[in-house]
Amino acid sequence: MGANQARTSDLLSGAGIAIAVISDSFNCLGGAEIGQANGELPPTVTVVKEADCKDEKTLDEGRAMLEVIHDLAPGANLLFHAMGDSPGDLTQALNRVADHGAQIIVDDAVYFSEPMFQDGPESQMIDRLVAERGVAVFSSAGNAGLNSYQSVFADSGRYPLGEKHGVAHDFNPDPNKTDTCQTITVGADAFTILSLQWDEPAKSISGGKGSTSDLDVVVYDDPACKHASQAWAIGGSTDNLGGDPVEVVGFDNKGNCHRKTVGLSILKVAGPAPGLLKYILSGSSLPSEHPSIDEYRNTPKTIASAFGHANAASVFSVGAVEAGQGKKPLVPSYYSSPGGLPVLFDNQGQRLAEPIVRKHVDAVAPTNINTSFFSKTRPDLEKDGKPNFTGTSAAAPHAAAVAALVLEAASKKGLSLQPLELYEVLRRSSLDLGDLGYDSSTGYGLLACDKAIKVLSGE
């Protein structure tokens, strides 16, 4: 990304710039003080709030992100705040780190109840921080990759579990054929999440009457949808009437060393048929743990899987490219979520006259990189004895560090860049990848710190 040239040629280090990371945890595994003693982290990291370290999900990914930033912008002041368990926790974390002086915030938080077709409170908080407080916010795009399904609800006329459980959606686009069962595969030894949403405003965001439709997701142990699972599928049958139009299903395949192919049905239990439904299947960035949709996959125009605050109006959304293994040309990581989800409702829950499709992902940055500790369970792709930090979680802190170097360079030139101006500099200077110009998978291209600084000088 040219950050080393910027540090050397322009004598930049990110000095005077405060960067906050919002992620799972900082030092629940222990060892942060060793990293500080060895120069992997600055002597002081301001931990605004640590996670509950009893949670098995706390892997200190936040510390890994901080190490990435310190490598690229060693003079920056670093802060950390745990992401918590809900979108409301993120809203609070964003506000608190801004109160502690963060000029740049980067997060890798994913909450499966965040809305797909409307801006939630966390997205609205990002917009306020950018517009009113001058804070630049960078978010990882997510690791769902191409695992999204989008359609109008197609009434099959079939009731596989009886009428009281609802009519099944027909996945088959052929009008002469009907298929109420879709096969998907979940990862080995992994917990996979599916978030299904449809085109109604969320009561938790805009109040009002909430969803007028109730949809359920049924998971079957076999791909032919003959035996419904209750043992390892969690959720999928919330009563949505008067609430939010979202169903979240968890697939618990932990302890099984093999990937598992299952059947999936979507049932309309009550209310009108949605004009648009979409689900996103999220999992790990590791190949063995990454899920897949095996049939009725979306077309290139409907594959968007970056959702929630990663699709906020004022966020800079970061995807991942494979790096560090001699791969040329650089290509998006298979799990990196593309942008392009339409926003259908305003903050008051009114349907927009025209959908808003924002140009996210904004840019991409490297993944498969080394840290001092994260994590022994990860693959060593370069065979250098150091496990790799993978996922868009590894890419996002690269963007925050580059932004710090650019802000420092601007300050030295007597310029005061507002967040949207900073974003534009980063986009204009990115190295185009993929399709010519902007595309939803790589955005405007690979972040290029040295070129961004030239853009500041009008070159």
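A polar contact here is a pair of N or O atoms within 3.5 Å; within protein, one of them must be able to donate a hydrogen and the other to accept it. Keep that in mind for the exercises below, and remember that this is a predicted model.

**Exercise 1. Work out what the side chain of Gln197 is doing.**

Step 1: find the residue. Gln197 sits in strand S9, which covers residues 191-198.

Step 2: decide whether Gln197 is buried or exposed. The cut-off for buried is under 20% relative accessible area. Gln197 comes in at 4%, so it counts as buried.

Step 3: look for polar partners. A polar atom of the Gln197 side chain lies 2.7 Å from the backbone oxygen of Glu114. There's also a polar atom of that side chain 2.9 Å from the backbone nitrogen of Met116.

Step 4: check the surroundings. Setting aside neighbours within four places in sequence, Gln197 touches Glu114 and Met116 again, and its contacts also include Phe112, Pro115, Phe117, Val246, Leu276 and Phe307.

**Exercise 2. Take two non-glycine residues with positive phi, Asp60 and Tyr296, and describe where each one sits.**

Step 1: start with Asp60. Its phi is near 65°, and it lies in the loop between strand S2 (45-49) and helix H3 (61-72). With 0% relative accessibility, Asp60 counts as buried.

Step 2: move on to Tyr296. Here phi is about 55°, and the residue belongs to the loop between strand S15 (292-293) and strand S16 (316-321). Tyr296 has a relative accessible area of 21%, so it is partly exposed.

**Exercise 3. Say which peptide bond is cis, given that it leads into Val361.**

Step 1: go to the loop between strand S18 (351-357) and strand S19 (363-366), where you'll find Val361.

Step 2: read omega. For the bond from His360 to Val361 it is near 5°, and the bond is cis.

**Exercise 4. Judge the overall fold from a handful of totals.**

Step 1: list the elements. The protein has 9 helices and 21 strands.

Step 2: test the packing. A compact globule of 459 residues would have a radius of gyration near 23 Å, and the protein has 22 Å, so the two agree. The C-alpha atoms fill a box of roughly 70 × 50 × 40 Å along the principal axes.

Step 3: look inside. Buried residues account for 57% of the 459. Of the contacts between residues at least 6 apart in sequence, 78% link residues at least 24 apart.

Step 4: finish at the surface. About 18,600 Å² is exposed, with carbon and sulfur atoms supplying 50% of it.

Note on methods:
Residues are numbered from 1 along each chain as its sequence is written. This is a predicted model: local features need pLDDT of at least 70, side-chain atom pairs count only at pLDDT 80 or more; totals for chains, interfaces and linings use all residues. Side-chain values use heavy atoms; hydrogens and water are left out. Helices (H or I, at least four residues) and strands (E, at least two) are DSSP runs, numbered from the N terminus. The radius of gyration is taken over C-alpha atoms; the globule rule is 2.2 Å times the number of residues to the power 0.38. Buried means under 20% relative accessible area, exposed over 50%, partly exposed in between (1.4 Å probe, protein chains only). Contact means heavy atoms within 4.5 Å. Accessible areas come from the Shrake-Rupley method with a 1.4 Å probe; for residues, only the protein chains shown count as cover.
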